[in-house]
Amino acid sequence: RREELFIATKAYIQEMGYEKTKLAFERSLKNLGLDYLDLYLIHMPFGDYYGAWRAMEELYEAGRIRAIGVSNFHPRHLDALKRCSDVSPALDQVECHPWLAQAELRQELENRHLACGAWSPLGGGRCGVMRDETVTAIAEECKRTPAQVILRWDLQHGMITIPKSVHRERIQSNIEVYDFELTDQQMNRLDGLNRNLRVGPDPDDFHF
């Protein structure tokens with residue numbers, strides 16, 4: 001049933017602006033075959049995201065979106081949005097994994113009562129975090145996969161984690177992270193891996 005699904009999508013960078021975002025929203029609904037979205041996000045803080053947010057506020061107030069949020073916003077972007085908006089974002093979705101722990105940003109989002117969503121929690125499968133010696137050692141200790149250890153680290157930090165896979169067995173494995181917990185000592189070891197290493201663009205240093 002539709003109410004058992006939570007469906008989210010984003011307004012992309014080229015779709016920023018009041019009119020463009022409204023058109024993008026309608027296009028997404030048509031493509032998905034839906035009459036409402038559970039969550040709609042601004043993809044990046046570029047272009048006229050003020051106009052985009054105004055359009056999203058109206059759609060939210062009309063009940064066509066259940067929650068609205070942002071992606072890749074830093075505190076200064078959130079402050080700028082707050083000055084011209086009536087509705088606070090429900091969530092900020094940011095790149096986060098043990099090599100990009102985002103501890104300060106996560107604490108800032110908690111202080112602002114915003115949920116934190118972790119995209120690319122496994123480093124996109126290409127940055128090497130799943131082969132990190134500490135990650136693999138903890139995986140052996142827990143008799144789990146490195147991916148499961150990282151996803152569990154996300155969950156124990158209160159993050160909404162969004163791993164991507166097109167392989168059925170990996171999707172199933174990624175779900176199986178609710179029947180074990182990492183110890184405080186294991187969490188601290190993972191926390192100490194931060195390298196500020198990104199696989200995606202830095203919103204403060206990116207020219208689109």
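**Entry 1. Packing of α6 and α8**

I looked up how α6 and helix α8, residues 184–191, pack in this predicted model. Their axes are 11 Å apart and form an angle of about 100°. Because angles of 65 to 115 degrees count as roughly perpendicular, I recorded α6 as roughly perpendicular to α8. I noted both values, since two packed helices are described by the angle between their axes and the distance between the axes.

I then asked which residues in α6 meet α8. From α6 I listed Val149, Trp153 and Gln156, and from α8 their counterparts Met187, Leu190 and Asp191. By class, the residues of this contact are four nonpolar, one polar and one charged.

**Entry 2. The largest pocket**

I next turned to the largest pocket, which holds about 540 Å³ of space. Its lining comprises 22 residues. Nearest its centre I found Leu122, Gly124, Gly125, Met130 and Lys164. The lining divides into nine nonpolar, 10 polar and three charged residues.

Which helix supplies the largest share of this lining? I found that α7 does, with three residues. I also noted α6, residues 146–156, which like α7 gives at least two residues to the lining.

**Entry 3. Ser173 in α7**

I kept to α7, which spans residues 168–175, and looked up Ser173 within this helix. Is Ser173 buried or exposed? Its relative accessibility is 17%, and the cut-off for buried is under 20%, so I entered Ser173 as buried. Setting aside neighbours within four places in sequence, I found Ser173 in contact with Thr145 and Gln148.

**Entry 4. Val129 in the loop before α5**

I located Val129 in the loop between β5, residues 115–119, and α5, residues 133–142. I recorded Val129 as buried because its relative accessibility is 0%.

What does Val129 touch beyond its neighbours within four places in sequence? I listed Pro98, Trp99, Leu122, Gly123, Val135 and Ile150. Of these contacts of Val129, Leu122 had already appeared among the residues nearest the centre of the largest pocket.

I also took the separation of Val129 from His167, which lies 38 residues away along the chain. Their C-alpha atoms are 20 Å apart.

**Entry 5. The start of α4**

I examined Gln102, which lies in the loop between β4, residues 91–95, and α4. Its phi is near 55°, which I noted as a positive value in a residue other than glycine. Gln102 has a relative accessible area of 13% and is therefore buried.

I went on to Ala103, which belongs to helix α4. At 46% relative accessibility, Ala103 is partly exposed. I compared its position with that of His157, 54 residues away in sequence, and the C-alpha to C-alpha distance is 9.7 Å.

Glu104 is also in α4, a helix covering residues 103–111. Is Glu104 buried or exposed? Its relative accessible area is 73%, and exposed means over 50%, so I entered Glu104 as exposed. Between Glu104 and Leu155, which are 51 residues apart in sequence, I found 17 Å from C-alpha to C-alpha.

**Entry 6. Asn196 after α8**

I looked up a further residue with positive phi, Asn196, whose value is about 55° although Asn196 is not a glycine. Asn196 is placed in the segment after α8. Its relative accessibility of 59% makes Asn196 exposed. I set this beside Gln102, which also has a positive phi but is buried.

**Entry 7. Ala11 in β1**

I closed with Ala11 in strand β1, which runs over residues 8–11. Ala11 has 0% relative accessibility and therefore counts as buried.

Which residues does Ala11 contact, leaving aside its neighbours within four places in sequence? I found Met16, Thr21, Tyr40, Leu41, Ile42 and His43. One of these, Ile42, is 31 residues from Ala11 along the chain, and I recorded a separation of 5.2 Å between their C-alpha atoms.

Note on methods: Residues are numbered from 1 along each chain as its sequence is written. This is a predicted model: local features need pLDDT of at least 70, side-chain atom pairs count only at pLDDT 80 or more; totals for chains, interfaces and linings use all residues. Side-chain values use heavy atoms; hydrogens and water are left out. Helices (H or I, at least four residues) and strands (E, at least two) are DSSP runs, numbered from the N terminus. Buried means under 20% relative accessible area, exposed over 50%, partly exposed in between (1.4 Å probe, protein chains only). Contact means heavy atoms within 4.5 Å. On a 1 Å grid over the protein atoms alone, a cavity is a set of points where a 1.4 Å probe fits but cannot get out, and a pocket is an open set with protein on both sides within 12 Å along at least five of seven lines; lining residues have an atom within 4 Å of a point. Grid points are joined across faces, edges and corners, and a volume is the space filled by probe spheres set on the points. Ala, Val, Leu, Ile, Met, Phe, Trp, Tyr, Cys and Pro count as nonpolar, Asp, Glu, Lys and Arg as charged, and the others, Gly among them, as polar. Axes are lines fitted to C-alpha atoms, for helices over the stretch in contact, and angles run from 0 to 180 degrees between N-to-C directions. Angles under 35 degrees count as roughly parallel, over 145 as roughly antiparallel, 65 to 115 as roughly perpendicular and the rest as oblique.
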